[in-house]
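Visitor: I am new to this structure and should like to learn how its features are read. May we go through them in turn?

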Amino acid sequence: MSRKAQECGAINLSQGFPDFPPDALLLELAAEAMRKGANQYAPMPGHIGLRERLSEKHQKLQGCSLNPQSEITITAGATQALYTAITSIVKPGDEVLYFEPAYDCYRPAIEWAGATPVAVVQKAPEFLIDWDEVGQRITDRTRMILLNTPGNPSGYLWTESDWQQLEDRVAGRPIVVLSDEVYEHIVFDGHIHQSILSRPALSAQRLAVFSFGKNYHVTGWKVGYIAGSASLMKQFRSQHQFQVFSVHHPAQWALHQYLEDAAHYKGLSAFYQKKYRLFSDSVRGSKFQLLPARGSYFVLADCSDMGELNDQQLALWLTEAHGLAAIPLSPFYSEPPAEQKLLRFCFAKKEEVLLQAAEIMQAV
Ligand code: PMP
C-alpha cells in the first residue's frame, strides 16, 4: 500500500512508521557514536551497557530481574528477534498457536521452521480471546504460543484475566510463550500494558520481544531486543550468532546513552494519545466507524456500510480515487472472516497530515 500511495501521491496512513523525526539528541548521539569509534563489531549479544540499561528498565517497570549477560540479546529489529526465536525453538512437526488478526511475519516464520501454525481468531469489534477455544487447540504437539500486546492491527491489550488463563493452560507443559510487545509504551485512556515480564509464573518458559524503532521513532534503524529465560536465550543465540552475529554498533551505543533518561519512553503514551484523539475526533461522523483502540499506533475503521467493495478493493479505491492509503485487514488472517470490512489507519503521523486524512474521510 505504501508503493501504491506513492504512485498515487496519496496520504499514506497505511504502513506503520512515523513521518516525524526522532529526538535531535538521539541523532546527535548516533553521530557521536561514529565519531568516537563505535564502528566495529559489537559483541554478539549486544552492547553490554545497553543490555544493563534494559535490565534496569524492566526491573523498574515489571519488577523482573533479567541478567544482562545471559537473558537479553540485542537484535536487528523485532522481526529478526521473532524469526530467530521461532526457528531456534520450534522443530518440524511442532504446532505454534497464535492469534489472528496477526502481524504478517508470524505465520511465514512458523512455516519456515517446518511447524504447523494454529490460528485462534479474535473476533472484531472487541477482539476478546476465546480461552475455551485456546484450551481446545492446545495439543501435545504445541511447542509455542505467540502473542502480541498491544496488538497490531487489533489494538487489543491483554488483561490480567488473559494472562491468568494463559498461565493455567501452559502450566506443566513444555510450551514456550513468545510475547511481541513492540508497542509496550503506546497505550491510551489510562489503560496499562501488562508485560509477560511481570508474570513470574512464566519465567522459565517466556521470551519477550521489543523494538527501539517503535519507541524512539527510528523504525529504519532496525534495532530491537529479546529478553527472557537464560536457557531459551542460549538456544536463541545459537542461531542469532550465525544469522546476524552483531547488530549495528553505533545505534546501540547511542541508545545506551539515550536510555539514561527514562523521560523519553515515559512521555510516549501521552504523545500518541494526543494523535489518537485528534484523529478519532476529526473522523467522527464520517462513514468510517472507528473501533475503540487501547494501544499500538493503529486504529481500525469499520466500513461495512460503504457499498459492495471488499476491504482490499476499498483500500485501493480510497487510495486511487481519494488520495488516502490505509491497509485492508483481510491479509492479517489465514482465512479472513466473511463480510468483515475493516481498514487499518496508522496515526503515527504529523497532526496536519492526520487532519488532511480526516478531511478526505469526511468527504467520502
Ligand atoms: N511486531 C509487530 C506487532 C509490529 O507491528 C512490528 C512492526 N510493524 C514488528 C513486530 C517489527 O518491528 P521491527 O521494525 O523492530 O522489526
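The dialogue that follows takes up the ligand, charged pairs and the backbone.

Guide: This is a predicted model, in which local features need pLDDT of at least 70 and side-chain atom pairs count only at pLDDT 80 or more, while totals for chains, interfaces and linings use all residues. Residues are numbered from 1 along each chain as its sequence is written, and side-chain values use heavy atoms, with hydrogens and water left out.

Visitor: How many residues surround the ligand, and which are the closest?

Guide: A residue is near a molecule if one of its heavy atoms lies within 4 Å of it. Here 13 residues surround the ligand, and the closest are Thr-79, Asp-180, Tyr-183, Lys-214 and Lys-222. By class, this shell has 5 nonpolar, 5 polar and 3 charged residues; Ala, Val, Leu, Ile, Met, Phe, Trp, Tyr, Cys and Pro count as nonpolar, Asp, Glu, Lys and Arg as charged, and the others, Gly among them, as polar. Helix α4 (residues 77-89) gives the largest share of the shell, 4 residues; helices (H or I, at least four residues) and strands (E, at least two) are DSSP runs, numbered from the N terminus.

Visitor: Which side chains have an N or O atom close to the ligand's own polar atoms?

Guide: In the side chain of Asp-180, an N or O atom is 2.6 Å from a nitrogen atom of the ligand. For Asn-152, the corresponding distance to a ligand oxygen atom is 2.7 Å. A polar side-chain atom of Tyr-183 also lies 2.6 Å from an oxygen atom of the ligand. Taken alone the ligand exposes 400 Å², of which the protein buries 93%; such areas come from the Shrake-Rupley method with a 1.4 Å probe.

Visitor: How many salt bridges are there?

Guide: Side chains of opposite charge can pair when their charged atoms come close. A salt bridge is a side-chain nitrogen of Lys or Arg within 4 Å of a carboxyl oxygen of Asp or Glu, and the count comes to 14. One of them joins Glu-7 and Arg-3 at 3.4 Å, N to O. Both residues lie in helix α1 (residues 2-8), 4 residues apart, about one turn of the helix.

Visitor: Where are the cis peptide bonds described here?

Guide: Most residues other than glycine have a negative phi, and most peptide bonds are trans. A cis bond joins Ala-124 and Pro-125, with omega about 5°, and Pro-125 is in the loop between β4 (116-121) and α6 (131-137). Phe-127, in the loop between β4 and α6, has a positive phi of about 60° although it is not a glycine. The bond from Thr-149 to Pro-150 is cis as well, with omega near -15°.

Conventions:
Polar contact = N/O pair within 3.5 Å; in protein donor to acceptor, adjacent residues only side chain to side chain.
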